[in-house]
Every structure is written in structure tokens, then in C-alpha cells.
Amino acid sequence: MRQALPPLIEALLDPRRYPDPAARVELIETHASWLLLAGEFAYKIKKPVILPFLDYGTLEKRRLCCEAELRLNRRFAPQLYLSVVPIVGPPHDPQINGAGAAIEFAVRMHRFAEAGRLDHLCARGQLQWRQVSDLAATVATFHDGASIAALPTRFGEPAQVLAPALENFDELPALLPGTAEQRRLARLAAWTRSEFDRLAPRFAARKAAGCVRECHGDLHLGNLVLIDGRVTLFDCIEFSEDLRWIDVASEMAFLYVDLLDQRQPGLACWLLNEWLARTGDHDAVQVLRFYAVYRALVRAKVAAIRARQANTVLEQAQDYLALAERLIEPPAPRLIITHGVAGCGKSRASRQLLLSDQAAATLRLRSDVERRRLFGIAATCNSNSSINGGIYAQEASELTYQRLHELAQELLAAGWSVIVDAAFLERSRRAAFRALATQAGVPFFIVAPQATPAELCARVRRRLAKGHDASEATPAVLEQQLARIEGLSTDEREQQLPD
């Protein structure tokens with residue numbers, strides 16, 4: 001049976017009390033709010049509760065939090081978040097947006113189709129890699145414009161990063177009291193402390209570099225929705241600055257873990273790679289696993305609390321614990337390079353490798369993207385360079401491959417597999433990356449897709465016509481590449497990655 005509702009909420013179930021037409025009113029209740037769905041609009045009313053992580057205890061605090069919710073969510077969803085409206089009159093006969101003293105406040109929003117939420121798409125098996133690319137671009141754009149935490153503030157300081165991570169280990173042992181679980185938690189706690197000690201200078205450096213920003217704070221698939229075919233963020237955290245002012249890497253770790261939890265490691269891998277391609281923040285992956293383990297254990301804690309409240313099994317909490325364990329033991333890294341002329345399918349092949357990575361532990365470096373980044377050119381803007389000039393001059397190409405080498409070395413050292421998606425027409429360049437793999441102690445592979453000259457030319461023309469790829473290769477460039485490509489040697493062919 002439904003728990004008795006306060007008189008105000010009971011009265012607001014009457015469609016006639018709303019200023020816009022509504023045939024019926026639906027109520028969604030959470031631990032902290034009531035959401036009333038009336039016609040084309042939704043009204044969110046905060047419960048008068050005080051919880052460990054939020055305080056809605058007075059009308060004034062609820063008003064301020066409503067105004068903060070409106071302001072913060074308008075950063076990325078102005079079309080959804082409309083206004084804060086007062087509710088006046090007695091609780092049994094309320095009037096929305098009326099005159100007089102307010103007895104409550106509500107955030108008024110446009111409704112959207114629940115079926116478009118990304119968690120629902122994912123559950124139906126309908127979330128596609130192109131939508132995940134849009135998600136990565138949307139989040140990258142939002143982060144780029146988000147306010148940066150000032151250096152004197154506590155936000156993003158190493159101690160502020162460690163405290164909530166250790167808090168998990170103060171609370172989880174009582175929630176998962178089994179002997180085996182205690183051993184697993186002790187191992188995760190030791191890893192967390194060890195990783196923090198190793199990464200503390202990097203956390204501080206990331207704050208100094210402006211990576212700690214006023215983020216969403218609760219960015220999981222359930223707070224993302226497709227509207228008119230585009231991904232839109234909504235329902236950010238307004239009640240806690242500490243949960244909102246975080247490293248952008250921590251925000252991405254939440255989405256990464258959510259996709260892993262949804263049994264979509266390929267999409268998790270793709271999301272991370274698309275975000276890195278957009279932002280160039282390769283340093284983020286140095287700390288991403290720390291944040292991902294933290295996020296997974298928060299989820300384990302919440303799942304265990306809910307299971308106890310409902311008197312059900314702890315299966316979901318156990319699953320999150322297992323996910324955290326997998327994150328601290330990623331597979332051994334490997335280095336893969338591509339080889340071939342424009343249009344042969346290198347990027348398509350490397351994309352498929354990412355989407356099929358069951359550990360979501362592979363990072364791709366695209367020469368077309370990193371070359372443009374070196375010269376301050378957006379990925380899809382024309383550089384107006386000649387075939388052997390501008391950003392494609394010999395010196396520029398040397399700088400590009402040098403940068404790819406540096407990044408690959410850093411990412412391998414951090415325990416990630418790396419795909420370097422570049423032409424690698426020359427044996428000497430392939431040899432340099434083979435030597436890098438030997439130095440790093442990781443396996444080395446080559447991916448060399450093949451296509452006929454006619455297919456190559458057709459693909460290059462189609463890509464140019466679309467105009468939204470980082471590659472600027474033309475039929476003339478293709479012709480030159482075919483004339484100077486140095487094919488794989490016998491020993492290199494032995495290192496080709498099996499299909």
C-alpha cells in the first residue's frame with residue numbers, strides 16, 4: 001500500500017489545480033522529492049527532510065535549492081527548466097503561482113518522453129555508438145564552459161578527493177559483513193590508499209590546471225535523455241557543492257562505471273575515447289580508475305542499503321564489488337598500430353577494436369586528431385594545407401608522430417592498452433613504435449586493412465563529401481600515398497592482429 005501523502009501533495013493530484021491543461025497527474029516519489037507530471041509540464045517539490053548529504057529542512061532552504069536547481073540545470077537544459085513557482089493557499093486547497101505567502105515552492109519543467117532516457121535505451125539494447133559519441137561531445141562542451149574551481153577553495157584538493165573514497169570503507173564492512181566480503185573490501189581499501197599516495201601530486205596538478213569544475217555531479221545514464229535526437233543532461237546536484245565541484249575525470253568515471261554496470265563495456269570504452277578525442281585531456285586516464293573504483297563502491301553501498309531496507313539479497317551490491325575488483329586488475333596492456341593509405345579502413349577497424357573490448361581498457365590515438373590539436377585546429381575544420389605543406393609538411397608530420405609516441409608511452413605506463421591510428425607508411429616509423437612496445441614490455445600488433453584502389457578512392461570522396469571527419473585526405477593525397485607506401489615486411493606480417 002502507498003504511504004499516506006501530505007495534504008498538499010494529495011491535493012496536487014487533482015489536474016484542475018494546474019494552470020495548463022492536464023487530463024491526469026502522475027506522481028513520482030524519491031527519497032528527497034515529489035515529481036508531479038501534469039500534461040506537458042512537471043513540477044518538482046522538495047521534501048522537508050534533512051539527510052546526511054542534504055538539508056531541505058526549512059521553506060527558505062527549499063526555495064534556495066529550487067532556485068539553484070533552476071540555475072544549474074539551465075547550463076545544459078534551458079529548454080527543460082522553466083521557472084521556480086510558489087504554491088500558495090492552505091495545503092488542502094493549494095494554488096500554483098498564485099498571490100500571497102508561499103507555503104511551498106516547485107521547479108516547473110517541460111516534460112520529455114521517458115523512453116528517450118539513456119538508461120532505458122541501454123536496457124532495450126538500443127543505445128548506439130553514434131549516440132555515445134554525441135554524449136561525449138555534449139559532456140565535453142559542457143565541461144569546457146563550466147566554472148573552474150579557484151585555487152584557494154577546498155574543491156579537488158587531494159585530501160578532499162581521499163575523504164569520500166575512504167568513507168566507503170568506513171560504511172561498507174557493516175553492510176557486507178561476510179568474511180569473504182571483508183577480505184575483498186580490505187584489498188580494495190589497500191589499493192585505494194596506495195593509489196592515492198601515488199596520485200596525490202597529480203590530483204593537485206589537475207586542480208592547478210583547471211580540471212576541477214562545477215560539474216553535473218550525478219551524471220549517470222538515468223539523467224541523460226534524447227530530445228530531438230540529441231543527448232541532453234538534466235537533474236544535476238544542487239544541494240552539495242562538494243559533490244558538484246569535482247574533477248571532470250571523476251564525472252566521466254561515473255558514466256564509464258554506469259555503462260560497465262549495464263554490461264556495455266564496448267560503449268564505455270567508446271565513450272572514454274570519444275571524450276578524450278574531443279578534450280585532449282589524456283592526463284585524465286591517469287586518475288580515472290581511482291575515481292571509477294570510488295564510484296563503483298558508492299554504488300555498492302547504496303545497493304546494500306536498499307537491499308537491507310527491502311529485506312532482499314545483496315546481489316547488486318556484490319556485483320558492484322566485483323566491478324571494483326575488475327577495475328583494479330585490468331588486463332595486461334598491448335600496443336597496436338594501424339598501417340595503410342587513406343580510405344583503407346584503419347579508423348573503422350580501430351573503432352571495432354574499441355567497441356569489442358570487454359574490459360574497456362583500450363585508448364585510441366588518431367594522428368588526424370592529434371596533428372590538428374598540435375596546431376590548434378578543430379577536428380573538423382579545414383586546415384587549408386597543401387598536400388606536402390602546412391600541417392602536412394614533413395616537419396609537422398615528424399612532430400605529430402613524436403607526439404603520438406609520447407602519448408602512447410604515457411598511457412601504456414598507466415596500464416592502458418593503446419591503438420595508434422595513423423598511416424605508418426614508413427617502416428622506420430613502425431619500428432619506432434615496435435621498439436616502444438619492447439621497452440614497455442607489452443605485446444605489439446599491426447592492423448593493416450586492405451581495399452582495392454577503386455574502393456579507396458570512393459571512400460575518400462565520400463568522406464570528403466560528408467565533411468565532418470578529422471581526415472583531410474583527397475584523391476591526390478591517396479595517389480601520393482600509394483606511390484610511396486612501404487609494405488609490411490615478413491616479420492611485420494607475423495605481428496598482424498588476427499581478425
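This briefing walks through the internal cavity and the nonpolar cores of the structure above. Please keep in mind that the model is predicted. It holds one cavity of 30 Å³ or more, and its largest nonpolar core counts 126 residues.

**The cavity**

- The largest cavity has a volume of about 30 Å³.
- If you would like to find this cavity in the viewer, look for its lining: Ala165, Asn168, Phe169, Trp191, Thr192, Phe290, Val293, Tyr294 and Leu297.
- Three helices each supply at least two residues of that lining: H5 (158-175), H6 (179-208) and H10 (284-310).
- H10 provides the largest share of the lining, with four residues.
- By residue type, the lining of the largest cavity has seven nonpolar residues and two polar ones, with no charged residue.

**The largest nonpolar core**

- Within this core of 126 residues, the members that touch the most others are Tyr256, Trp275, Leu335, Val420 and Phe433.
- Helix H10 turns up here again, giving the most to this core with 14 residues.
- As general background, nonpolar side chains tend to be buried together in soluble globular proteins.

**A look at Phe433**

- Which residues does Phe433 touch, not counting those up to four places away in sequence? They are Leu335, Ile337, Tyr401, Leu404, His405, Ala408, Val420, Phe424 and Phe444.
- Two of these partners, Leu335 and Val420, are also named among the core members that touch the most others.

**Another core**

- Apart from the largest core lies another one, made up of 17 residues.
- Its members include Leu8, Leu12, Ala22 and Val85.

Note on methods: Residues numbered from 1 in each chain as written. Predicted model: local features only at pLDDT ≥ 70, side-chain atom pairs only at ≥ 80, totals over all residues. Heavy atoms only, no water. 1 Å grid on protein atoms, 1.4 Å probe; cavity = no way out; pocket = protein on both sides within 12 Å on 5 of 7 lines; lining within 4 Å. Points joined across faces, edges and corners; volume = space filled by probe spheres on them. Nonpolar A, V, L, I, M, F, W, Y, C, P; charged D, E, K, R; others polar. Core = buried A, V, L, I, M, F, W, Y, C linked by side-chain atoms within 4.5 Å. Buried < 20%, exposed > 50% of the residue type's maximum accessible area, 1.4 Å probe, protein only. Contact = heavy atoms within 4.5 Å.
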